[in-house]
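Colleague: Please take one part of this structure and go through it closely, then set it against the rest. I would like to know what I am looking at and how far to trust it.

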Amino acid sequence: MTARIAIAAFATLFALAAGAAHGQALRVGLASEPTSMDPHYHQATPNDALSAHVFDTLVAADAGMKLIPGLATAWKPVNDTTWEFTLRQGVKFSNGAPFTPEDVIFTFCRVLNNPQAIAGSYANIALKIDKMDVKDGSTLVITTKAPYPLLANELTRMWILWSGIAQHDQIRFDPEHKCGVTGPWPKMEDFNSGKNAIGTGPYALKSFVRGTGITLERNEGYWGKKPAWKEVRLTPVPSAGPRMTGLLAGDFDLIENPAARDLKRLDGDKKFKYVITPSVRVLFLQMDVGRNPSPQVQSPDGKNPLQDLRVRRAISMAIDRKAITQRIMDGAATPANQFLPDGMFGALPHAPELKYDPAGAKKLLAEAGYPDGFSITLAATNDRYINDAAVAQAVAQYLSRIGIKTNVNAMTRSVFFPQRAKREFSFAMGGWGSDTGEASSFLTYWVTSLDKDRGLGTSNYGGFSDPEFDKVFRQAITTVDPAQREKLLQEAVRRALDQLPSIPLHFESSTWAFRGDISYEGRADQLTLAASARPAH
């Protein structure tokens, strides 16, 4: 009897292991855990990757960030402030309800009424909308308050909800009167429980357990290409070593962001493969330049040294970006001299190198009145970006060498992001993927002066405000002509680099390792998607 049980158990384990190769289940080891199933809670890559399994957007993006049809099959600008979107017909939500234009309008209204959202990234899009009207049942007409040439690009991250998750009368775009919603607005907790996690995407939520894992099941009524996997299990494993061990042991079929040095273990082994894909994510330092004094800075004169441009330039010059990318990132990153990789729209064609010059940095500190430096705390995540805590420690060591005594406070992102949004930090390391594919993405949120009504500067936690920058940048984002807009964006980038309210460090490259009987397509936006993995034939 014991032998039979052992044989049966082995057969079960073998079937589970083989399941991934035959389209049954895909087991994924995540480097960073999504913080919510609510698709409008926080614009963070792990959250957007999870949302992309359950929800759709009007406009989608392929692996290279090229715009492709989503819930809209076509779109076009009618004039500088009016767009028409042709909605896909016959689409149903995972509960069988038909997709309608009213669901789109409800979604835009909900993001304007989501007090739990962090940083308001999704509301920033809706704030630019003046009117939304339904034309002939299948065409949605969106009128913006000002020319908004990037509307289609921005919509690639506006996840569409089912309007039935809230009580309502006739849905209309009338934010001042709750858009026809009569009951309470949906809360994050009801998405995490699965109650409101109703989308038109390729998967439906089966379970969401923070710290343990997420299970998705195939949406058999999905309008698009049928997913290869019946079930997807997403397990957070923050440390790269255990993720790789899990892949090698057969616990995972796919893992994201294995350590570059560990990839050598896979070379020549036909049982495993990996892909390395350059991304548009920049790691950067954001400084509090708006307050004097600043809460986590201690200087001899009691002032905030970060308000002095010479100090900000000294910090940049003190950091050896090439050493960080080679020694800490194992070559899976590129030193950043601006906020978007060369060649992207609005980036400088040949940005001046941000050189490593510790002697020059010390000289600038002395000129600024801090020959003996000062003390500061660098806040960072320890579970969000590739090697984030190690990078923060390296930055601290470089700064300490020029006299800026730097203490690192590395914390889990569930603690870091809300504290940063409350401006509790003086000096913080962050990351941003410019998913619109042009320089305006970073500048809109992190550099331009705060203007909540226009959805500008909502991540400008350092309080930077430069009228000269604002004038050029605001002209850029309302300029429809691409050539003129690119020139204006480049001018804005130059100004941002001259003033350095934020200091770019490096661009991440994303890596995925997986079983040899799977093929996987890496994405420039770093999203880990089950649809990118398919059984190899």
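Modeller: Two strands count as paired if DSSP finds at least two bridges between them. Strands (E, at least two residues) and helices (H or I, at least four) are DSSP runs, numbered from the N terminus. This is a predicted model, so local features need pLDDT of at least 70 and side-chain atom pairs count only at pLDDT 80 or more, while totals for chains, interfaces and linings use all residues. Residues are numbered from 1 along each chain as its sequence is written, and side-chain values use heavy atoms, with hydrogens and water left out.

The part I have chosen is an open sheet of four strands, in the order β4-β5-β7-β6, with antiparallel pairing. Its edge strands are β4 and β6 (129–135), each of which pairs on one side only. On average, and ignoring direction, neighbouring strands of this sheet are turned by 20° against each other; such angles run from 0 to 180 degrees between N-to-C directions, with axes being lines fitted to C-alpha atoms, for helices over the stretch in contact.

Begin at the β4 edge. Strand β4 (residues 72–79) is joined to β5 (residues 82–87) by six bridges, and a hairpin of two residues connects them. Within that pairing, K76 has E84 of β5 as its bridge partner. On to the next pair: β5 is joined to β7 (residues 139–144) by five antiparallel bridges, and T82 stands opposite T143 in β7.

Helix α3 packs on this sheet and touches β5, β6 and β7, where contact means heavy atoms within 4.5 Å. The direction of α3 makes about 165° with that of β6.

The same helix leads to a covalent link. A search of the whole structure finds one disulfide, defined as a pair of cysteine sulfur atoms within 2.5 Å. The disulfide joins C109 to C179, with S to S at 2.0 Å. It is left-handed, with -85° about the S-S bond. Because C109 lies in α3 (residues 101–111) and C179 in the loop between α5 (151–154) and α6 (188–192), the pair ties together parts that are 70 residues apart in sequence. Both cysteines are buried, meaning under 20% relative accessible area (over 50% is exposed, in between is partly exposed; 1.4 Å probe, protein chains only).

For the wider setting, look at the strands and cores elsewhere. Strand β12 (residues 272–287) pairs antiparallel with β18 (residues 502–515) over twelve bridges, and F284 stands opposite P504 in β18. β12 also pairs antiparallel with β17 (residues 427–433), over seven bridges, and there R281 stands opposite G433.

A nonpolar core is a set of buried Ala, Val, Leu, Ile, Met, Phe, Trp, Tyr and Cys residues joined through side-chain atoms within 4.5 Å. The largest one has 82 residues, and those touching the most other members include L285, M429 and L443. Helix α11 (residues 388–401) gives the most to this core, with seven residues. Apart from it lies another core, of 69 residues, among them F55, V59, I518 and L527.

As for trust, pLDDT is the predictor's confidence in each residue, from 0 to 100. The protein averages 93, and 96% of the residues score at least 70. Over residues 1–22 the pLDDT is below 50, and beyond near neighbours in sequence this stretch has 13 contacts in the model. Where pLDDT is low, the predicted coordinates should not be read in detail.
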